[in-house]
Amino acid sequence: MNVIFAGTPEFASVALQRLLDAGFRVPLVLTQPDRPAGRGMKLQASPVKQCAQAHGIPVSQPRSLRLDGKYPEDAAQAQAAIAAAQADVMVVAAYGLILPQWVLDAPARGCLNIHASLLPRWRGAAPIHRAIEAGDAETGVTIMQMDAGLDTGDMCLVERLPIGPTDTTASLHDRLATLGGRMIVEALEMSACGGLARTPQPAEGVTYAHKIEKAESWIDWKLPAAVIDQRVRAFTPFPGAASQWQGETIKFWEGRPEAREPGAADAGTVLAADAGTVLAADAGTVLAADAGTVLAADAAGVVVACGEGAMRFTQLQRAGGKRLAAGDFLHGFALPAGAQLEAAP
């Protein structure tokens, strides 16, 4: 079976490598054009392109696949390359370009997509992030027969995966990428012997995983700690969860909600509390714990009051610095109890 592969990030390169390991012939790879990256902003090949080049596979990087679009020459060159590949099927994973109908119709068996959600929940660009942000208990991978809609095609294979209480987008991404690579091999093997069934997506339960924007990184401390925890984990590693104090941006990484009651500790201990609760910080000192107030800052973590409860962060980062454990961070940055964090500049 000849397989054209279309994908761009690490999630897709895992699937491409799995197909190659399984012995499928890949005569052509489509991926996004090289992008500036790193401190020097030098052009960098996508993980999929790097994988293809390591195996000597021809690569096409059109800026668009629309023959009547802004880059018709790119689309025409890609069309010629796809026709020459004489593919039985195209596998698509996080490619990043919309496939027009001529692409969907080009391979004899159409196009199969590896989508990191339980469709029809979380159609769209950022299904892993949005599942964690929403507090979903599970997610999974759907192998879908692509059509002209946005992740609306028939489902061929579905497998579920639990989301753990400490999962981040980074950790969940890796497990889903591995699962997707295994499933696409199974789907192609089933397709080769005519045993890949298709099921239309249900009309109920449709949600859209909109693209992650950098502006979403700013923490709204008025939200409950449980919601902030979900957002922090959803935005790890990108775009991170940030706040400001005295004009400096701080990123808050690893953390957990604090749910203890003020009366459950020794006198003088600063604990998580609901917004507006008054806590004793030191003997003779009274600290008003409005949302965004730093309640404690030591090697055990930086505790910040939220709209309900508080968050204890054990890993933080200054702008331009490295991610550090709370104790190491505080050695180089004075963030005292009582500091009032700001949601955004």
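**View 1. Alanine 85 and its surroundings.** Alanine 85 is found in helix 3, and we start our tour of this predicted model there. With a relative accessible area of 9%, alanine 85 is buried, because buried means under 20%. Leaving aside residues up to four places away in sequence, alanine 85 touches Asn2, Ile4, Pro27 and Leu28. For a sense of distance, try proline 237: 152 residues separate it from alanine 85 along the chain, and their C-alpha atoms are 37 Å apart.

**View 2. The seven-stranded sheet and two helices on it.** Here is an open sheet of seven strands with mixed pairing, ordered 5-2-1-6-7-9-10. Strand 5 (59-60) and strand 10 (154-162) are the edge strands, and each of them pairs on one side only. Strand 2 (residues 25-30) and strand 5 run parallel and are joined by two bridges. Look for leucine 30, which stands opposite serine 60 in strand 5. Helix 6 (residues 169-192) packs on the sheet and touches strand 1, strand 6, strand 7 (111-115), strand 9 (138-145) and strand 10. The direction of helix 6 makes about 145 degrees with that of strand 10. Helix 3 (residues 72-85), the helix of View 1, lies across strand 1 (2-7), strand 2, strand 5 and strand 6 (89-93). Relative to strand 2, helix 3 runs at about 175 degrees.

**View 3. The four-stranded sheet.** In what order do the four strands of this open sheet come? The order is 14-19-18-17, and the pairing is antiparallel. Strand 14 (255-258) and strand 17 stand at the edges with a single partner strand each, so one side of each has no neighbour in the sheet. From one strand to the next, the twist averages 15 degrees. At one edge, strand 14 pairs with strand 19 (residues 310-313) in the antiparallel sense, over four bridges. Two arginines meet across this pair: arginine 256 stands opposite arginine 312 in strand 19.

**View 4. Strand 18 and its two hairpins.** Strand 18 (residues 301-305) is mostly covered, with five of its five residues buried. In a regular strand, side chains alternate between the two faces of the sheet. Both faces of strand 18 are covered: Gly301, Val303 and Ala305 are buried on one side, and Val302 and Val304 on the other. Strand 17 and strand 18 pair in the antiparallel sense over four bridges, and they form a hairpin with two residues between them. Within this pair, alanine 297 stands opposite valine 302. Strand 18 also pairs with strand 19 in the antiparallel sense, over four bridges. Alanine 310 in strand 19 is the bridge partner of alanine 305. The hairpin of strand 18 and strand 19 has four residues between the strands. If you like checking backbone torsions, glycine 309 in that turn has a positive phi of about 70 degrees.

**View 5. Threonine 293 in its loop.** Threonine 293 lies in the loop between strand 16 (286-289) and strand 17 (294-298). Is this threonine 293 buried or exposed? It is buried, with a relative accessible area of 2%. What does its side chain meet? A polar contact of 2.7 Å joins the side chains of threonine 293 and glutamine 340. A polar atom of the threonine 293 side chain also lies 2.8 Å from the backbone oxygen of aspartate 290.

**View 6. Helix 7 and the largest cavity.** Seven of the ten residues of helix 7 are buried, so this helix is largely enclosed by the rest of the structure. Those buried residues are Ala225, Ile228, Asp229, Gln230, Val232, Arg233 and Ala234. They pack against helix 5 (127-133), helix 6, strand 12 (241-245), strand 13 (248-252), strand 14 and strand 19. Turning to empty space, the structure holds one cavity of 30 Å³ or more. About 50 Å³ of space lies in the largest cavity. Its lining is made by Glu216, Ser217, Trp218, Ile219, Asp220, Leu223, Ile228, Arg231, Val232, Phe235 and Ala241. Which helix gives the most to that lining? Helix 7 (residues 225-234) does, with three residues.

Notes
Residues are numbered from 1 along each chain as its sequence is written. This is a predicted model: local features need pLDDT of at least 70, side-chain atom pairs count only at pLDDT 80 or more; totals for chains, interfaces and linings use all residues. Side-chain values use heavy atoms; hydrogens and water are left out. Buried means under 20% relative accessible area, exposed over 50%, partly exposed in between (1.4 Å probe, protein chains only). A polar contact is a pair of N or O atoms within 3.5 Å; within protein, one must be able to donate a hydrogen and the other to accept it, and residues adjacent in sequence count only if both atoms are side-chain atoms. Two strands pair if DSSP finds at least two bridges between them. Axes are lines fitted to C-alpha atoms, for helices over the stretch in contact, and angles run from 0 to 180 degrees between N-to-C directions. Contact means heavy atoms within 4.5 Å. On a 1 Å grid over the protein atoms alone, a cavity is a set of points where a 1.4 Å probe fits but cannot get out, and a pocket is an open set with protein on both sides within 12 Å along at least five of seven lines; lining residues have an atom within 4 Å of a point. Grid points are joined across faces, edges and corners, and a volume is the space filled by probe spheres set on the points.
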